[in-house]
Amino acid sequence: MPLLPVASTSFLVSFLFTWVFFFNLDYANRLMDFQRYLSAKRSVDARAFNPQVWQSLLDWAAEAARPLRVLDIGGGSGAMAARILVAGLPWPIEYTLVDQQAANLSAAQAALGSQVSHYVTADIFDFLAERPNQRWDLLVAHAFLDLID
């Protein structure tokens, strides 16, 4: 019997990979640029992905019976946006992807094009402060806590 269940092991690998690169950014910058890092960690993210949570999200979205407004904070190169946008939801999605780094959004836009409604380069706290009455149906914060100080 493994020491940790597979899901925990995947999480641990993802956490350690993230820690090495985010808490040792000088080291990470010497090794590769951030977009290459995001691309490299997609396979780790995929292994840590929880299919039951994903299915619950898809079920909820399908039952909404209306267009969905999605806010993706710290959206990076759009990996999570790509998953949501190709999920086959029966309703249109107004997808807003916010990231502090313009280079990340450029990579996302190159990959996703007009599938994302709004690409916004901003600090998320400033972005939200400027829109106190704006509402979204779904907040995506995939790996956001990994990045925030």
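## Exercises on a predicted chain

Take contacts in the chain between residues at least 6 apart in sequence: 64% of them join residues at least 24 apart, where contact means heavy atoms within 4.5 Å. This is a predicted model, so local features need pLDDT of at least 70, side-chain atom pairs count only at pLDDT 80 or more, and totals for chains, interfaces and linings use all residues. Residues are numbered from 1 along each chain as its sequence is written, and side-chain values use heavy atoms, with hydrogens and water left out.

**Exercise 1.** Work out where confidence is lowest and where it is highest.

*Solution.* Start with the average: the chain has a pLDDT of 78 (the predictor's confidence in each residue, from 0 to 100), and 68% of the residues score at least 70. Next, go element by element (helices are DSSP runs of H or I, at least four residues; strands are runs of E, at least two; both numbered from the N terminus). Helix 1 (residues 6–22) comes out lowest, at a mean of 49, and strand 3 (residues 118–121) highest, at 96. Then look at residues 1–9: pLDDT is below 50 there, and the stretch has two contacts in the model beyond near neighbours in sequence. Where pLDDT is low, don't read the predicted coordinates in detail.

**Exercise 2.** Lay out the sheet: what is the strand order, and which strands sit at the edges?

*Solution.* First, list the parts: nine helices and four strands. The four strands make an open sheet, ordered 3-2-1-4, with parallel pairing (two strands pair if DSSP finds at least two bridges between them). Strand 3 and strand 4 (138–140) are the edges, each pairing on one side only. Now zoom in on one pair: strand 2 (residues 93–99) and strand 3 share four bridges in the parallel sense, and V98 stands opposite V120 in strand 3.

**Exercise 3.** Find which residues have the most contacts inside the largest nonpolar core.

*Solution.* Set the criterion: a nonpolar core is a set of buried (under 20% relative accessible area, 1.4 Å probe, protein chains only) Ala, Val, Leu, Ile, Met, Phe, Trp, Tyr and Cys residues joined through side-chain atoms within 4.5 Å. The largest such core has 16 residues, and I84, Y95, L97 and V140 have the most contacts inside it. Helix 6 (79–85) is among the elements giving two or more residues; it gives the most, with four. Finally, check Y95: not counting residues up to four places away in sequence, its partners include M80, I84, L85 and V140.

Notes. Buried means under 20% relative accessible area, exposed over 50%, partly exposed in between (1.4 Å probe, protein chains only).
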